[in-house]
Amino acid sequence: MRNDNLLGVGVALITPFNENGEVDYPALETLLNHIISGGVDYIVVSGTTGEPSTMTADEKRDLRKFVVEKVNGAVPLVLGIGGNCTKAVVDEIKNTDLKGFDSILSISPYYTKPSQRGIYAHFAEIAKASPLPVILYNVPGRTGRGMDAATILQLANDFRNIVAVKEASGNMDQIMEIIQKKPEDFILISGDDSLTVPMISVGCSGVISVAANVVPKQFCSMIKAAMNGDFKEASKIHYMLLDLMNTLFEDGSPSGAKAALAQLGLMKEVLRLPLVEVCEKTREHIKVALAKALEA
């Protein structure tokens, strides 16, 4: 079940909202056109960046249907389904219409801090239940408990439909251990925009990016150069985008990305609590960094 749909640039799709808090579908269509025309290789729907934890089941269902319809096969789609209750995640997978989606991205259980054996057992149940390939998501900064390299490698070896890991640990030693020991067709995906070029240099196969919502053309050019082995060109673009990649996270994500997209006139800068708009200082930082990034 392993495939090449997860190579290159995936974008963690942002969900635009109106001032009344409802999903802004015209802005979402504009954003989809922006990122697809920018050259992204696939789109992740209802990942953390899309604020799914603030959305109802009906809203998430309507969002899925809208994206599938508007994308219309232009690029592969990945759906975020995860949580810290294994049964609830399995039930959601079984009860969700997955038509139009190519893979599932599932975050490591958060808050409860399970042992590595517990994390393995959680993903084993997901692998057994999922009709689609599964991407593990390791992001200890959000979950409170990281997945060890040994756990990721065991899952990769034990389940053919666990096809990749999105690694956002920032731990280069762990990343290199996974790349060194993984099955040949298992894919390691960067979950940190600013670390992606260095990660590609040691064998990473791409990224699921937040910044690619904002500057998809420039970001895709950087990743394409790196994956083609042209690290001189990739590094040049990397340093033109670096301030933006970092500044987007100054006041949390996707707050920074929504501020940047509002500056581009692509959506309103509206979030759902507990997320809030960036402060004025950060907004000015984003403005300066965005102008530099657009020149890349």
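This is a short tour of one chain, from the whole fold to a strand and then a helix.

**The whole chain**

Start with everything shown. The model is predicted. Its chain has 12 helices and 8 strands. The radius of gyration is 18 Å, close to the 19 Å that the globule rule gives for 296 residues, so the chain is as compact as a globular protein of that length. Turn the C-alpha trace along its principal axes: the spans are about 45 × 45 × 35 Å.

Now colour by burial. Of the 296 residues, 55% count as buried. Switch to the surface. The chain exposes about 12,600 Å², and carbon and sulfur atoms supply 49% of that area. Then think about contacts. Take those between residues at least 6 apart in sequence: 71% of them join residues at least 24 apart.

**Strand E6**

Select residues 162–167, which form strand E6. How many of the residues of E6 are buried? The count is 6 of 6, so to speak a mostly covered strand.

Add residues 134–138, strand E5. E5 and E6 pair in the parallel sense, over 5 bridges. Show two side chains here: Leu 136 stands opposite Val 165 of E6.

Next add residues 187–190, strand E7. E7 also pairs with E6 in the parallel sense, over 4 bridges. Pick out Lys 166, which stands opposite Ile 189 in E7. Now follow the backbone onward from E6. The chain passes through helix H7, residues 172–181, before it reaches E7. This β-α-β crossover is right-handed.

While the strands are on screen, look at the side chains. In a regular strand they alternate between the two faces of the sheet.

**Helix H9**

Move to residues 216–227, helix H9. H9 has 12 residues. From first C-alpha to last it reaches 16 Å, close to the 16 Å expected at 1.5 Å a residue.

Which residues of H9 are buried? Select Pro 216, Gln 218, Phe 219, Cys 220, Met 222, Ile 223, Ala 225 and Ala 226.

Keep those selected and bring up what they pack against. Two strands are on the list: E1 (8–12) and E8 (206–209). The helices are H1 (25–37), H8 (196–201), H10 (231–247) and H12 (280–293).

Last stop: step just past the end of H9 to Gly 229. Check its backbone: Gly 229 takes a positive phi of about 85°.

Note on methods
Residues numbered from 1 in each chain as written. Predicted model: local features only at pLDDT ≥ 70, side-chain atom pairs only at ≥ 80, totals over all residues. Heavy atoms only, no water. Buried < 20%, exposed > 50% of the residue type's maximum accessible area, 1.4 Å probe, protein only. Pairing = 2+ DSSP bridges. Right-handed = clockwise from strand over helix to strand, strands pointing away. Expected span 1.5 Å × (residues − 1). Contact = heavy atoms within 4.5 Å. Rg over C-alpha atoms; globule rule 2.2 N^0.38 Å. Areas by Shrake-Rupley, 256 points an atom, 1.4 Å probe, with all protein chains shown as cover.
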